[in-house]
Amino acid sequence: MEDIELQDLAGKMGDADNLEKAVTLIENFLLNRALLGNSYNIPRLSNVVRHISNSVQTNIKGLADIACLSEKQFCRVFSEHIGTTPKDFLRIIRLQRTLSILQHNPKIGFAQLSYECGYTDQSHMIKEFRLFTGYTPKEYISRCAPVSDYFTF
């Protein structure tokens, strides 16, 4: 299958006076391609990310349903557009929620914190926290102030 736009780009590249113009042509071509290709799924993914931000508990099946895609297709589209798997994104947002709550309520107990952030239990929270930060929540708090700019109250 011939790509007429790509052939047009090749012709313009041949006519370019210098390397800077050629690079600009390529960048514009790729940017336009990316924006056109992504536009169909952007509203779907926007709804999914909004849901993730507003929900403590969610799963891949529920997110795929929100996007009106099969689970396999959803994971592929999500990874292509967001840059990570839905599961890893959920884990990152859960950590951001944890940091945000610690930032705004430093005296909260870890059992309550793990419940409010959607971890299965306190040990699950500590394990995930250590995986992302290299510290347990207690060690982290003693070394630096928890900050999350993902969530605002």
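Let's start with the largest pocket, which holds about 260 Å³ of space. Keep in mind as you look around that this model is predicted. Which residues lie closest to the centre of that pocket? They are Thr 58, Leu 90, Arg 91, Arg 94 and Gly 118, out of 18 residues that line it. Two elements give two or more residues to this lining: helix H6, covering residues 86-104, and helix H8. The largest share comes from H6, with six residues. As for the chemistry of the lining, it's a mix: seven residues are nonpolar, six are polar and five are charged.

Now let's follow the charges. Side chains of opposite charge can pair when their charged atoms come close. In this model, the count of salt bridges comes to seven. Take Arg 91, one of the residues closest to the pocket's centre. Arg 91 pairs with Glu 128, and their closest N and O atoms are 3.0 Å apart. These partners link distant parts of the chain, since Arg 91 sits in helix H6 and Glu 128 in helix H8, 37 residues apart.

Glu 128 has another partner, too. Its side chain meets that of Arg 94 in a salt bridge, at 3.8 Å from N to O. Once again distant parts of the chain are linked: Glu 128 is in H8, Arg 94 is in H6, and 34 residues separate them. Put Asp 88 into the picture and you get a network of salt bridges that links Asp 88, Arg 91, Arg 94 and Glu 128.

Are Arg 91 and Glu 128 buried or exposed? Arg 91 has a relative accessible area of 17%, so it counts as buried, the cut-off being under 20%. Glu 128 is buried as well, at 9%. Arg 94 is also buried.

For another kind of salt bridge, head to helix H4, which spans residues 60-67. Here the side chains of Asp 65 and Lys 61 meet, 3.2 Å from N to O. Why are Asp 65 and Lys 61 separated by about one helical turn? Because they are four residues apart in the helix. Asp 65 is partly exposed, with 45% relative accessibility, and Lys 61 is partly exposed at 45% too.

Finally, let's go to the surface. Ile 92, Leu 131 and Phe 132 form a nonpolar patch there, and together they have about 260 Å² of accessible area. Leu 131 belongs to helix H8, which runs over residues 122-133. With a relative accessible area of 57%, Leu 131 is exposed.

Conventions: Residues are numbered from 1 along each chain as its sequence is written. This is a predicted model: local features need pLDDT of at least 70, side-chain atom pairs count only at pLDDT 80 or more; totals for chains, interfaces and linings use all residues. Side-chain values use heavy atoms; hydrogens and water are left out. Patches are made of residues with over 30% relative accessible area and no salt bridge: like charges are joined within 9 Å, nonpolar side chains (Val, Leu, Ile, Met, Phe, Trp, Tyr) within 5 Å. Accessible areas come from the Shrake-Rupley method with a 1.4 Å probe; for residues, only the protein chains shown count as cover. A salt bridge is a side-chain nitrogen of Lys or Arg within 4 Å of a carboxyl oxygen of Asp or Glu. Buried means under 20% relative accessible area, exposed over 50%, partly exposed in between (1.4 Å probe, protein chains only). On a 1 Å grid over the protein atoms alone, a cavity is a set of points where a 1.4 Å probe fits but cannot get out, and a pocket is an open set with protein on both sides within 12 Å along at least five of seven lines; lining residues have an atom within 4 Å of a point. Grid points are joined across faces, edges and corners, and a volume is the space filled by probe spheres set on the points. Ala, Val, Leu, Ile, Met, Phe, Trp, Tyr, Cys and Pro count as nonpolar, Asp, Glu, Lys and Arg as charged, and the others, Gly among them, as polar.
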